[in-house]
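Here are a few exercises to work through with the model open beside you. Try each task before reading its solution.

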Amino acid sequence: MAAWVPSDALDRRLLCGTEYGTVRYVGSVPPTAGIWLGVEWDDPQRGKHDGTYEGTQYFKCRHPKGGSFIRPNKANFGVDFLTAVKDRYALNDERDVQHGTENTLVFGKKTVEFVGMDSIAEQQRQLNQLVDISVRECAVSHAGQKEEISRTCANIRHINLSKNLISSWETVTAIASQVQNLETLNISENKMKFPSTSTSVSSAFSKLRILALNQTEITWAEVLLCAPGWPALEELYLTSNNITVLERPDNVLQTLKLLDLSDNQLLDGNQLHLIAHLPRLEQLILRNTGISSIHFPDAGFGCKTKMFPSLKRLAINDNKISQWSSINELDKLPSLRSLQCHNNPFMDTEKNPETLRQLIIAKISQLEVLNKSEILPAERKGAELDYRKIFGNDWLAAGGNWNPEKNKPSEEFLAAHPRYPSLCLKYGAPEEGELKGRQPLTLKNQLLTLTIKCPENPEQKPVEKKLPESMTIQRVKGLLYRLLKIPGSELKLSYESSKLEGKEVELDNDLKPLQFYSIENGDCVLVRW
């Protein structure tokens with residue numbers, strides 16, 4: 001008997017064993033008899049050709065060896081949503097209760113374990129109380145009979161439908177339209193078709209707050225076509241979708257607080273200007289998006305941009321940002337409080353991670369968290385004072401002057417150090433004595449090898465650190481705060497030297513460098529709090 005092939009099999013998703021694919025052809029393949037399915041596999045290594053067999057092209061593949069033919073009886077076209085829910089939570093009549101770990105349901109905030117229910121009414125009651133459902137990798141392909149989900153699972157609020165066999169956005173809408181209070185929906189890892197023209201707005205997603213569409217091959221244009229149906233959306237995850245160009249959202253996504261575009265190779269940093277006026281956007285995640293620069297052309301040195309008015313948290317790790325000017329630009333963001341920027345070429349210009357951190361802190365005035373580490377007021381003060389000194393001679397050479405009437409640093413200097421004038425206002429211009437004989441960068445100074453001990457905490461083992469002799473006591477405290485996990489402002493430092501015969505010298509001036517106290521290689525810094 002011939003295997004059944006769905007009438008809408010073309011472009012549907014299927015499973016064959018553990019391999020996912022999309023049907024690109026249904027029909028005969030001479031000289032063999034019977035029906036074949038031409039499949040484009042998600043993993044090209046599963047395929048054999050590009051859809052061409054014996055000189056005839058039956059379908060096309062993106063990968064030259066991403067396709068092959070299978071018989072329909074090898075294809076799993078999936079199950080409806082409710083069947084998957086009942087299987088996943090062992091609520092199907094045909095199945096004995098197994099999988100002990102899967103017999104837990106979340107009812108509101110209570111987790112309930114149950115075994116062997118013997119009445120349909122009890123099964124119905126349990127399904128009705130489900131709030132948070134995960135049917136990840138359960139081969140869900142369609143919604144099932146109309147209104148069956150709403151009759152059976154009236155209280156669902158959160159659904160994980162990731163890595164299933166959903167072929168189109170219409171299927172998602174058909175499921176969601178039966179879940180009255182849907183707040184969270186994850187449909188990542190479903191390669192599906194999205195609307196290519198504007199459609200009538202469905203109320204299916206009227207209460208949806210969180211939507212994950214990672215690895216679905218959606219484009220930004222398709223996002224904007226669907227977005228009118230997401231009037232309350234707060235978080236949108238769009239990672240790994242080959243999104244390269246953005247468009248300005250017009251009266252959509254206005255409620256959005258978080259947007260994740262990681263692992264999409266954006267054309268350039270100027271694409272960000274197109275989403276810069278989302279009024280409530282607080283968190284923007286741009287990891288590995290290929291951007292090489294950030295620029296806010298509407299604001300000059302020391303001014304705030306009108307772009308991204310609510311943005312508090314920005315992640316730009318794993319990109320190609322090579323110039324410090326992009327970090328200067330981030331100071332223009334009026335609400336920025338947290339930045340992640342690991343793995344960018346500009347960080348290679350400074351080999352000492354401590355100095356690197358201090359430079360970023362000094363350049364972005366309102367930053368409170370850098371690379372997931374809190375910036376304490378004491379650390380900020382130390383970073384800004386040090387920055388003011390390090391670039392003091394450059395400031396003088398560029399036309400800076402202690403006399404306010406003669407103080408006219410060049411445009412070039414201000415472009416490289418836009419915060420320098422405000423630091424001089426905050427702490428006063430650097431004094432001549434501070435700058436005499438100072439090398440332009442801390443790194444070039446001699447490193448001291450010191451032993452760090454905590455005499456009042458014997459459990460804390462001594463640590464050996466190499467520190468620049470020009471490092472201020474303030475910055476040493478900032479380093480020790482992170483090293484020993486204790487507040488920097490409360491630390492009391494002193495040091496012992498073999499030359500001083502057991503005598504301790506207090507390190508009592510936060511603004512002085514280590515070399516001021518004549519500390520030498522091999523000396524021991526004592527930490528108390």
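**Exercise 1: an unusual loop residue**

Ala139 sits in the loop that joins strand E10 (132-134) to strand E11 (140-142); strands (E, at least two residues) and helices (H or I, at least four) are DSSP runs numbered from the N terminus. Before going on, note that this is a predicted model, where local features need pLDDT of at least 70, side-chain atom pairs count only at pLDDT 80 or more, and totals for chains, interfaces and linings use all residues. Residues are numbered from 1 along each chain as its sequence is written, and side-chain values use heavy atoms, with hydrogens and water left out.

Task: find what the phi of Ala139 is.

Solution: Ala139 is not a glycine, yet its phi is positive, at about 60°.

**Exercise 2: a peptide bond**

Task: decide whether the Pro30 to Pro31 bond is cis or trans, and place Pro31.

Solution: Start with omega, which is near 5°, making the bond cis. Then look up Pro31: you'll find it in the loop between E2 and E3.

**Exercise 3: the largest pocket**

Task: work out which domains the largest pocket lies between.

Solution:
- First, split the chain into domain 1 (12-74), domain 2 (79-92 + 117-378), domain 3 (386-430) and domain 4 (447-528); the bounds come from an automatic or database domain assignment.
- Next, list the lining: it has 18 residues, with Thr22, Arg24, Arg62, Lys191 and Glu217 nearest the pocket's centre.
- Strand E2 (19-27) and strand E3 (36-41) each give at least two residues to that lining.
- Sort by class, and you get 10 charged, 4 polar and 4 nonpolar residues.
- Finally, domain 1 and domain 2 both contribute to the lining, so the pocket lies between them.

**Exercise 4: helix H8 and its partners**

Task: classify how H8 packs on H11 and on H13, as perpendicular or oblique.

Solution:
- Take helix H8 (residues 377-390) with helix H11 (residues 420-427): their axes are 10 Å apart, at an angle of about 110°. Axes are lines fitted to C-alpha atoms over the stretch in contact, with angles from 0 to 180 degrees between N-to-C directions.
- H8 and H11 are therefore roughly perpendicular (65 to 115 degrees; under 35 is roughly parallel, over 145 roughly antiparallel, and the rest oblique).
- Now helix H13 (residues 473-484): its axis and that of H8 come within 8 Å and cross at roughly 140°. That makes H8 oblique to H13.

How values were computed. 1 Å grid on protein atoms, 1.4 Å probe; cavity = no way out; pocket = protein on both sides within 12 Å on 5 of 7 lines; lining within 4 Å. Nonpolar A, V, L, I, M, F, W, Y, C, P; charged D, E, K, R; others polar.
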